[in-house]
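Work through the exercises below with the model open. Try each task before reading its solution.

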Amino acid sequence: MSIDNWMPRLARVFQEVRGMQKVYTFENLPGSLAAFPATVIMPTGGSQEYSAGGPGLAWHDVQANVYMASQTLPEAMANGIRMLVEIRNRLAAHVTLDGSVNYVLPVAPPALWYEGPGQLAFGDKVHTGFILRLTVKETEAITVSA
């Protein structure tokens, strides 16, 4: 599979979270956020391994920014913590994203898999939110023509 196949599936996992209003990926980024909570999921880096005799392996670093509100409110912070637990549980329940990847997991320690809640910018606005960092491993069939 490729990122075009599994990214929409990852977005659906976030969309299933109770109360989530909008989920965006690199394919449909908005100019500004109008509904909250909203999540923006983007690849931030990765590694690739391939050979003539076998399948390719790819590891993607993925960041999901969850925006709770356009102002810092105590209620938004509390809801963010609750949402973090639900996101973790939904990711664990969909660890292979319907068989499209080997796994999607929180980054390994000592890296932080989440930061926040706290202030999080999108465009020229500052919101309350938190950052999640994930690793997606996939096996790809790579066709190379000379």
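## Exercise 1: Strand S6 and its partners

Strand S6 spans residues 125–140, and 12 of its 16 residues are buried, so the strand is mostly covered. The model is a predicted one.

**Task.** Find which strands pair with S6, and give a bridge partner for each.

**Solution.**

1. Start with strand S3, residues 54–69. S3 and S6 pair in the antiparallel sense over 13 bridges. Tyr-67 has Gly-129 in S6 as its bridge partner.
2. Go on to strand S4, residues 103–106. Four bridges pair S4 with S6, again in the antiparallel sense. Val-104 is bridged to Val-136 in S6.
3. Take strand S5, residues 114–122. S5 and S6 run antiparallel and are joined by seven bridges. Leu-120 has His-127 in S6 as its bridge partner.
4. Look at the connection between S5 and S6. The two strands form a hairpin with two residues between them. Gly-123, in the turn, has a positive phi of about 65 degrees.

## Exercise 2: The aromatic pairs

**Task.** Classify the two aromatic pairs that a search of the whole structure finds.

**Solution.**

1. Recall what is needed. A pair of aromatic rings is described by the distance of the centres and the angle of the planes.
2. Take Tyr-67 and Phe-122. Their ring centres are 5.7 Å apart and their planes stand at 80 degrees, so the pair is edge-to-face. The cut-off for that class is over 60 degrees.
3. Place the two residues. Tyr-67 is in strand S3 and Phe-122 in strand S5, 55 residues apart, so the pair links distant parts of the chain.
4. Check burial, for which the limit is under 20%. Tyr-67 is buried at 2% relative accessibility. Phe-122 is buried at 15%.
5. Turn to Trp-113 and Tyr-114. The centres lie 6.0 Å apart and the planes are at 80 degrees, so this pair is edge-to-face.
6. Check burial again. Trp-113 is buried at 18%, whereas Tyr-114 is partly exposed at 35%.

## Exercise 3: The nonpolar cores

**Task.** Which residues touch the most other members of the largest nonpolar core, and which elements give two or more residues to this core?

**Solution.**

1. Find the hubs. The largest nonpolar core has 28 residues, of which Leu-10 and Phe-14 touch the most other members.
2. List the elements. Helix H1 (3–15), S3, H2 and S6 each give two or more residues to this core. The largest share, seven residues, comes from H1.
3. Follow Leu-10 outwards. Beyond its neighbours within four places in sequence, Leu-10 contacts Ile-41, Val-62, Leu-91, Leu-97, Val-104 and Leu-134.
4. Look for another core. A second, separate one has eight residues, including Tyr-24, Val-40, Phe-122 and Ile-131.

## Exercise 4: Two single residues

**Task.** Are Leu-29 and Glu-86 buried, exposed or partly exposed?

**Solution.**

1. Locate Leu-29. This residue lies in the loop between strand S1 (22–24) and strand S2 (38–51).
2. Read its accessibility. At 42%, Leu-29 is partly exposed, because the value falls between the limits of 20% and 50%.
3. List its contacts. Leaving aside neighbours within four places in sequence, Leu-29 touches Tyr-24, Val-40 and Met-42.
4. Locate Glu-86. Helix H2, residues 74–93, holds Glu-86.
5. Read its accessibility. Glu-86 is buried, because its relative accessible area is 12%.
6. List its contacts. Outside the neighbours within four places in sequence, Glu-86 is in contact with Glu-16, Val-17 and Arg-18.
7. Weigh the confidence. Among the elements of the protein chain, H2 has the lowest mean pLDDT, 86, and S1 the highest, 98.

Note on methods:
Residues are numbered from 1 along each chain as its sequence is written. This is a predicted model: local features need pLDDT of at least 70, side-chain atom pairs count only at pLDDT 80 or more; totals for chains, interfaces and linings use all residues. Side-chain values use heavy atoms; hydrogens and water are left out. Buried means under 20% relative accessible area, exposed over 50%, partly exposed in between (1.4 Å probe, protein chains only). Contact means heavy atoms within 4.5 Å. Two strands pair if DSSP finds at least two bridges between them. pLDDT is the predictor's confidence in each residue, from 0 to 100. A nonpolar core is a set of buried Ala, Val, Leu, Ile, Met, Phe, Trp, Tyr and Cys residues joined through side-chain atoms within 4.5 Å. Rings of Phe, Tyr and Trp (its six-membered ring) pair if their centres lie within 6.5 Å; planes under 30 degrees apart count as stacked, over 60 as edge-to-face and the rest as tilted.
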